[in-house]
Structure formats: structure tokens, C-alpha cells
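Please walk me through this protein structure, beginning with its interior and then turning to its strands, its cysteines and its aromatic rings. I am in my first year, so I would like each step explained with care.

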Amino acid sequence: MASVPSLASSVNQRVADALASALPEAGGADPLLRRSDRADFQANGILALAKKAKANPRELATTVVGSIPAGSDADLISQIEVSGPGFLNITVSDRAIIETLAARAGDDRLGVPYAANAGTTVVDYAQPNVAKEMHVGHLRSAVIGAAMVEILEFTGEKVVRRHHIGDWGTQFGMLIQYLIEHPHELDHKAAGASAEVSGEEAMSNLNRLYKASRALFDSNEEFKTRARARVVDLQAGEAETLAMWQRFVDESKIYFYSVFDKLDMDIQDPDVVGESGYNDMLVETCKLLEESGVAVRSNGALCVFFDEYKGPDGNPTPLIVQKSDGGFGYAATDLSAIRDRVGNLKADSLIYVVDARQSLHFKMVFETARRAGWLNDEVKAVQLAFGTVLGKDGKPFKTREGETVRLVDLLDEAVERATAVVREKDKERGLLTEREIVENGYQVGIGAVKYADLSTSAARDYKFDLDQMVSLTGDTSVYLQYAYARIRSILRNAGDRSPVAHPELALAPAERALGLHLDGFGELIAEAAAEHAPHKLAAYLYQLASLYTTFYTECPVVKPEPELVVGENRLFLCDLTARTLTKGMSLLGIRTPERL
């Protein structure tokens, strides 16, 4: 089905046409329509246009109003009036609201259009490090990145997921050498080749091996020498060394995937392309930068300099692409990744969901890629920078012992707390089986963690407060999930009545407010996609649930039973609200249980 024009876009077009008729030189001008508390919409663009045309703004506004059909028999606008120096206050008809919503309800996509300029975007997110435990610092990249992938794909964008895991570096010399000398350290307790290995066991093995190898490296000079020689073997591609390195990568993936599974995230192995995936491109990347003059040798290192980035001593801070000893830094890998993503994946947009503390590095990398011609006006790269997860005390989130919080522990506690909330809420009603309580507790707990992150602008820090996250009131995913479950319950208990749109009915204020907000879903999705702002979708959904709560309080749906057509129309609004909630929540990676 074709996309459904929103009421806002339809009204905007009517006003623009009337404005072009009244002031031909203003053809194509934007009436600057926005939602208003004085009417449904207000158009503010006439003032600037009148000033430019040296016309009286109020007279021009009056002329525009005169050429727009309005009134009880009008198909779109029921009332339009000039306000103040030349604003237009516009109220749409009840009929137009319900007819537009009925068109949305008849479409699987709720009438949301595909983007006209859809292209190919690579989203780089969820980037843990091999042989290291995932902690709270890994949460935001995974959650924000996954939401952006879903939102962009819903708009019609072709999205390529990339998980740039840390799977290369000098630390592997120490780990590999230890494993060669202690070959059973990564053996699994589970018997048989087909036995499933848990993420916890995999991480336990890796942790034990890391600590033991680090202790030996720090205390034994002979082992340290052998470990450093092993780094050379790894970089040279020596077969036994590479095979041992691969064991670390495979063991880490068992662990990574178990954590992402707990986060209810689908990570596919072909999308995991770590630092090592670009090793074959590093020499050529350096050669291209040096030959083009983008990078120059400085004290033996290959560097890119920027006038705008200076160190504390006032000297320019360079981006080091290749070190003086011939080793490659992160910059070489990141620049090679850009070449691969633009040249091979044919991306026209790159989004890096990375901690804000790496902003300077990525500014330098992107500027270097632009100078080299790998990025340009047609191919852009942006960092979707995110802030820090804080504890209740406003400081970086740590355990009581001052350690970084393990991501698995944080998720387990959230699920445990949410399950307790679900169980307590169900005590009075007894509607749920034990299996449903456990399943819903998982969905509510993981949803609470994700929503707390996504309801905050990515660039801002936020406080991790589980008490608030699993609250049934306020701006939480639990509030939204319960709103959805309440609607599903209403629809199940509606008896022989069905959701049917009745455009002929007059709407109560709460019905109008809910309907107008439902109609704005498509424009909100486009805005969240264009601005890389999943928090705007979270805010929209919270307002939707709040407006529904007011509607449900003020407009009886089932009890006391309203007149048949009124009840059907209200069930229609309930049904469309539920569909919009569940679609919006799914784009944020949050499930909506049918019964809570």
C-alpha cells in the first residue's frame, strides 16, 4: 500500500498553495507549520515572507485564509483564523483525523513512507574486545547502534552491520605464548565435540588464562622475551601462531554471543569484522596517504597534521598512522575500514556508535579520509557519540569495590528486579502462569535497561538507577509495556464489538489529542532516522502512552458501555495505538508482552 500523507503535510500543502496564489513570488515557500496549543497547528511563515515582499503580514494572512476551504463541510480544515501579527491557527476536522488514521490502519507499515533518498549505510556498533570481559561501558554502543539499525531499515535504508571487535594487538603475543606452553587452558569441561559451551565457561577460561599469562609476563623475563617474539610471528602470519590466535577469537565469540543473546540482540557472525579484517589493507593505506601527501614522515612515523588540533604545548597533535618502528596504529585500521566500506560495500553513509571520549580520534580520521578523497559530499561519515553510564551518585558506574560492573551481572539484576515487579503486580489478579511471569520478567528487565539508555539523548551521560527503570510510573519502558498490555486486554474483552473507524462521529478532546499524535508517527520516524536520534522515538512513545492513559480515563471504551458506533471507534483508536506502540518499541529493540 502507498504511504499515507500526514495531516500536517496535507495542511502544510494547502497553506503553501494558498500562499503561492496570494503571493506568486513566494511559490514553494515553507509556511513553517508546527503543532500548537492554541489550535491543532500554527503556520508562522507568513511574517517573514510579508517582510521580504514589503507587504502587511496580517493582510497577507487574511488573503491566504480566504482561499482555503474551511468549515463543517470541508474535507480537511474545520477552522482557520488569523492570530496576532499574521500567524495562522488551524484546526483540522474530526472526519479528516479518523479517515487518515483508517488509511494508516489499513497498511502493515502504519502508512509510514519509505525515505525518498534511501541509500546504503554502514553502522559500526557493539565492539567488544577479544579475551576481555564485557562491562557496563559496552552497553550503550550495542543498544544505541541496534536501535539505529532498526530505525534506518524501517525507512528503507540498506544497512550493513559491522562489529569492529578488538581482535589484534601486542597483548596476543603474551596470551598465545602462554597457551602454547599450557595447551589445555582453553579446554572445556563439557565432553564431546558437539557439547555446548556456555558463555560463562568461555569467559572464565579466558579470564583465568589472561591473569596467569599476565602474572608470568610481569615476573619472568624469559617468558616476556618469548611473548614479544610471538607478536612478530603473529604479524608475519606464522601458521601455528595464527591458529592459536583464532582459538582466542572463537572462545571470545562464544562469550560475546551469550551476552548479546541475553541483551535480546541478534549478532550475525559475517557482520563481525574485527581489526584483523583490515590487516591486508594497512600497507596500501599508508602508501596511498604518503604518496598523495596527506600523510608525512615525522621522526620516522607516518603522521597527518591538523592546524586546528594542538596539544598542551601548542604544537599540532598528529594522527599517527604508522609508528616509527613500522607498527600500525588504530588510525591505519580505521582508515582501511573506511576504504573497505566505501569501496567494497558501496556505502554512502557511515555511522560510528562510539564513546564521546574518542571524538578527537574520529574527527582526525574522518578529515584524513576526506583529504584522501575516500569521503566527500556524496559519502559522509559521522560519529554517533555517546556519554557515560553513571551510578546513582553521579560518578562513573562501579561496584562497591570500585571495579567496573560486568555487563552480565547488570542484566541479570535487571531481570531479577523486573521479575519481582511482574510477580507482585500479578498477585492480586493471578492472570499469569509461572512461565509467563519469568518470560515477562526477562522482557521487562531487558527492556528497562534499553529504554533507560535510549530515552536519553546519546550524547548525554545518564544515571543507571534500577529502582527507577522498573517503575510502573513515569518515563520507563515498563509503563509503555503495561499500556500496551492493557490495550490488548481491552480488545480481548470487547465481546462482539470490533475496532471500526467512524469518520462521521464528533471526537472528544482526548480522542482528538490521541488521534493527532498517532498521525505523527511517520514524520517522527523520519526525524529520528535523519538526526540519528532514537531518544526522539522513545519520547514519542512515552507521550503516546500518556495520551492513551488520558483517553482511557475520559472516554469509556467497554465499561460503561458506550453507544455501538462510539465504542467501535474507540476500539479502533485502541487498536491503532497498540500497533503503533509495539512497532515503535520493536524499533528500539524492546518487546511488548501481550499480557502483564
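Which residues of the largest nonpolar core touch the most other members? In this predicted model, they are L88, F248 and F464, within a core that counts 151 residues. Helix 5, which covers residues 139-154, supplies the largest share of this core, namely eleven residues. A second core of 31 residues is separate from it, and L289, V304, Y309 and V354 are among its members. As background, nonpolar side chains in soluble globular proteins tend to be buried together.

It helps to set these cores against the chain as a whole. The protein chain has 596 residues, of which 51% count as buried, and it contains 20 helices and 13 strands. Along the principal axes, its C-alpha atoms fill a box of roughly 90 × 65 × 45 Å. If we take the contacts between residues at least 6 apart in sequence, 74% of them join residues that are at least 24 apart.

We can now return to L88 and look at its surroundings. Leaving aside residues up to four places away in sequence, L88 touches V15, F41, Q42, A43, I46, A61, V64, V65, I80, E81 and V82. Some of these names come back when we turn to the strands. Strand 4 runs over residues 87-92, and this strand is mostly covered, with five of its six residues buried.

How are the strands of the open sheet ordered? The sheet has four strands in the order 1-2-4-3, and their pairing is antiparallel. Strand 1 (33-35) and strand 3 (77-83) stand at the edges, and because each of them has a single partner strand, one side of each is left without a neighbour in the sheet. From one strand to the next, the twist averages 25°.

The pairings of strand 4 can be followed residue by residue. With strand 3, strand 4 pairs in the antiparallel sense over six bridges; I80 has I90 as its bridge partner in strand 4, while Q79 has T91 as its bridge partner there. Strand 3 and strand 4 also form a hairpin with three residues between the strands, and in this hairpin G84 takes a positive phi near 60°. With strand 2, which covers residues 41-43, strand 4 pairs in the antiparallel sense over three bridges, and here F41 stands opposite I90. Residue I90 therefore appears in two places in this account, as the bridge partner of I80 and as the residue opposite F41. The cysteines come next, and a general point is useful beforehand. A disulfide is a covalent bond between the sulfur atoms of two cysteines. How many disulfides does the structure hold? It holds zero disulfides. For C286, the nearest cysteine sulfur is that of C303, 11 Å away, and C286 is in no disulfide. C303 is likewise in no disulfide, with the sulfur of C286 as its nearest cysteine sulfur. Since a residue counts as buried when its relative accessible area is under 20%, C286 at 4% relative accessibility is buried, and C303, at 4% relative accessibility, counts as buried too.

The last step concerns aromatic rings. A pair of such rings is described by the distance of the centres and the angle of the planes. Twelve aromatic pairs are found in a search of the whole structure. In one of them, the rings of Y352 and F362 have their centres 5.2 Å apart and their planes at 45°, so this pair is tilted. Because Y352 lies in strand 10 (residues 349-352) and F362 in helix 12 (residues 359-372), the pair ties together parts that are ten residues apart in sequence.

Are Y352 and F362 buried or exposed? Both residues are buried, and for F362 the relative accessibility is 4%. F362 also forms a tilted aromatic pair with F366, for which the centre-to-centre distance is 5.7 Å and the angle between the planes is 45°. These two phenylalanines, F362 and F366, both lie in helix 12, four residues apart, which is about one turn of the helix. F366 counts as buried at 6% relative accessibility. Taken together, the ring pairs link Y352, F362 and F366 into a cluster.

Key
Residues numbered from 1 in each chain as written. Predicted model: local features only at pLDDT ≥ 70, side-chain atom pairs only at ≥ 80, totals over all residues. Heavy atoms only, no water. Core = buried A, V, L, I, M, F, W, Y, C linked by side-chain atoms within 4.5 Å. Buried < 20%, exposed > 50% of the residue type's maximum accessible area, 1.4 Å probe, protein only. Contact = heavy atoms within 4.5 Å. Disulfide = S-S within 2.5 Å. Pairing = 2+ DSSP bridges. Axes fitted to C-alpha atoms, helices over the stretch in contact; angles between N-to-C directions. Phe/Tyr/Trp six-rings, centres within 6.5 Å; stacked < 30°, edge-to-face > 60°.
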